[in-house]
Every structure is written in C-alpha cells, then in structure tokens.
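Me: Please give me a close account of the metal site in the model shown below. I would also like to know how the strands, helices and empty spaces of the fold are arranged.

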Amino acid sequence: MTDQRVVELFDEFMELTKDFIIRHGLRYEDYAAVTQYLIRVSEAGEWPLWMDNFLEATVDTTSYGDGPWTPSAIEGPYYKPGAPLLSRQPYTLPMRPDETGDKMLFRATVHNPAGEPLSAAVVDVWHATDKGLYSFIDAGMPEDFILRARVPVDENGSTEFRSIRPAPYEIPKDGPTGDLLNSVLGRHTWRPAHLHFRITAEGYKPLVTQLYFDGDPYLDSDCAEGVKQGLIIPLGKTEADGESWTLGQFAFVLQPQ
Ligand code: BEZ
Ligand code: FE
C-alpha cells in the first residue's frame, strides 16, 4: 500500500533537487561526479557515517524538543545496544587490561523536570579511548563492550562511574566522507572529545545526548555539528582510593513521555 507521506516527501525532494540542477546549470560531468561519489560511499559502507556526520544534527533539532530538560544530541553511528549492566561498585566501565588515559570519575544525577529523582533510570554510556578509538568500530579495538556500559542510579537518582577521559575523535579520513570534508570542502574530520549517553526511565522519553569538555579545540568546528552550549562541562579533579581523578559531573533531566 502506498504511504502518502512518503510519496509527498519524495516528490518534494525531487522537485527541490531538479530546481537545484537547473538553478546551478549542472551538466553531465557534475552528474557523473555525484553518481561516482555516491557509489564510493556505498562501497565503503559509509552511509551511516555520512548521514550522521552531515544530517543527524538537523534531525536532532526537529525530534526531541526543547524544554525544562537536558538537550538531546546526535547519537552518531557507533551506539551498540546490550552493553553490560554494571552491578558491582565502584561502577567501572569495561576496559582492556592495558587501557591508558587519565582516570576519570563521572558523577551523574537523573531527575524529572519537577526535581524528583528517577531511581529506576539506567545510564547507557559509551565513549572513545584516549586515542579516540571506539570498540567494535576502529581497527585494533576489540569487538567487545570496551568503554561501554549501562550504569544504574540509586534511590536519589545519583550514580558515579569510573573510566578514562576520551580524546577528540577523528572520523575515518581515508574514505569518501573524510575526503569530502578534508579535500573538497576544506574543513576537517575531527569531533571534540565527548561522552555519549542514552538515558532511559519508564514514563520518560529516552534521552540520547553527549557531553563535551570546556577548552576542547574542536568545540567550535565539530565536523558533525553536534555541539550544544548546554552540553559543555568543566572537568575538575577529585581524590578517590588515594589517587587523583579527573572529575566530570552532570545533572540530567528527562522529558516526560
Ligand atoms: C560520534 O559521535 O562518535 C560520531 C558522530 C557523527 C559521525 C561520526 C561519529
Ligand atoms: Fe562519538
């Protein structure tokens, strides 16, 4: 059966594209170049990367909605469902035995807009290594939930987990997405260092968001345009178990369903 909305969207998209071709006088050389480029993106398996790099930030603005809750942010192409649910404190994200990087302790609270703690919330967190690599994704990283976990909160909606501080992330620069950014557009292929979160609690919309760190050199030029002011946090220092830790903190507020 025909989905009328899809038909209308397709027709309008084609109208806009045809107008664009005419307005810019695009010719067969341009047509061939675009066709070849689209084939390269397909052959490299980079469509999820391409879409999330160039378009997801816009879809994010039309999806979650602004209000008295934490702003959402792009999920990106690297979320893996089914990360281990941590149960033994201190909660520590799974790491390789030789994981390097600044030790980072992260404190979070999860509330609703009325300030009530959401004690059944689960904080699904994932991030890159101190070399900017993701488990499952980047060459040399295990196909395993490294620096990925689901962290429960307590009766006050509070939790704390230990990990290492991620470095800025460079999207693959040798493929057609990186080529477009670097060689064609004269931009770059970097995202500021970030922590990804997917926070769920019954009765609330799942919050997919990211946190970035004050002072990061790529905050103003994120290749995926995913940074929002309200999601940039300062990092501090704290002591735990006789050691010094980089400290991040954030009070998440979920949007009622
Ligand atoms: C990320 O957040 O990791 C990401 C977002 C868009 C494109 C590539 C990576
Ligand atoms: Fe990321």
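Reply: The account below starts at the metal site and then passes to the strands, a helix pair and the enclosed spaces.

This is a predicted model, in which local features need pLDDT of at least 70 and side-chain atom pairs count only at pLDDT 80 or more, while totals for chains, interfaces and linings use all residues. Residues are numbered from 1 along each chain as its sequence is written, chains are lettered from A and ligands numbered from 1 in the order in which they are written, and side-chain values use heavy atoms, without hydrogens and water.

Y134 (OH), H194 (NE2) and H196 (NE2) coordinate the iron ion (ligand 2) at 1.8 to 2.0 Å. Donors here are N, O and S atoms within 2.8 Å of the metal (3.2 Å for Na, K and Ca); water is not among the atoms, so the site may look incomplete. Along the chain, the donors have the spacing Y-x59-H-x1-H. Distant parts of the chain are thereby linked: Y134 lies in the loop between β3 (122–127) and β4, and H196 in strand β8 (residues 194–200), 62 residues apart. Strands (E, at least two residues) and helices (H or I, at least four) are DSSP runs numbered from the N terminus.

Strand β8 also belongs to an open, mixed sheet of five strands, ordered β4-β3-β8-β9-β10. β4 (148–152) and β10 (232–233) are its edges; each has a single partner strand, so one side of each lacks a neighbour in the sheet. Pairing requires at least two DSSP bridges between strands. Strand β9 (residues 207–213) runs parallel to β10, joined by two bridges, and Y212 has I232 in β10 as its bridge partner.

Elsewhere, strand β12 (residues 243–253) has two partners to consider. Eight bridges join it in parallel to strand β2 (residues 103–111), with V110 opposite F252. Strand β11 (residues 236–240) pairs with β12 over five bridges in the antiparallel sense, and K237 is bridged to T246. Two residues separate the strands of this hairpin, where D241 takes a positive phi near 50°.

Among the helices, α3 (residues 47–54) and α5 (residues 176–184) have axes that come within 9 Å and cross at roughly 35°. Such axes are lines fitted to C-alpha atoms over the stretch in contact, with angles from 0 to 180 degrees between N-to-C directions. L49, W50, N53 and F54 of α3 meet T177, L180 and L181 of α5, in contact when heavy atoms lie within 4.5 Å.

Helix α3 also contributes to the lining of the largest cavity, giving the most with three residues; β8 supplies at least two residues of that lining. The volume of the largest cavity is about 120 Å³, and 16 residues line it, with G76, P77, I171, R191 and A224 nearest its centre. On a 1 Å grid over the protein atoms alone, a cavity is a set of points where a 1.4 Å probe fits but cannot get out, a pocket is an open set with protein on both sides within 12 Å along at least five of seven lines, and lining residues have an atom within 4 Å of a point. Volume is the space filled by probe spheres on points joined across faces, edges and corners.

The largest pocket holds about 720 Å³ of space. Of its 20 lining residues, T17, F20, I21, L26 and V34 lie nearest the centre. α1 (4–23), α2 (28–43) and α3 each supply at least two of the lining residues, and α1 provides the largest share, seven.
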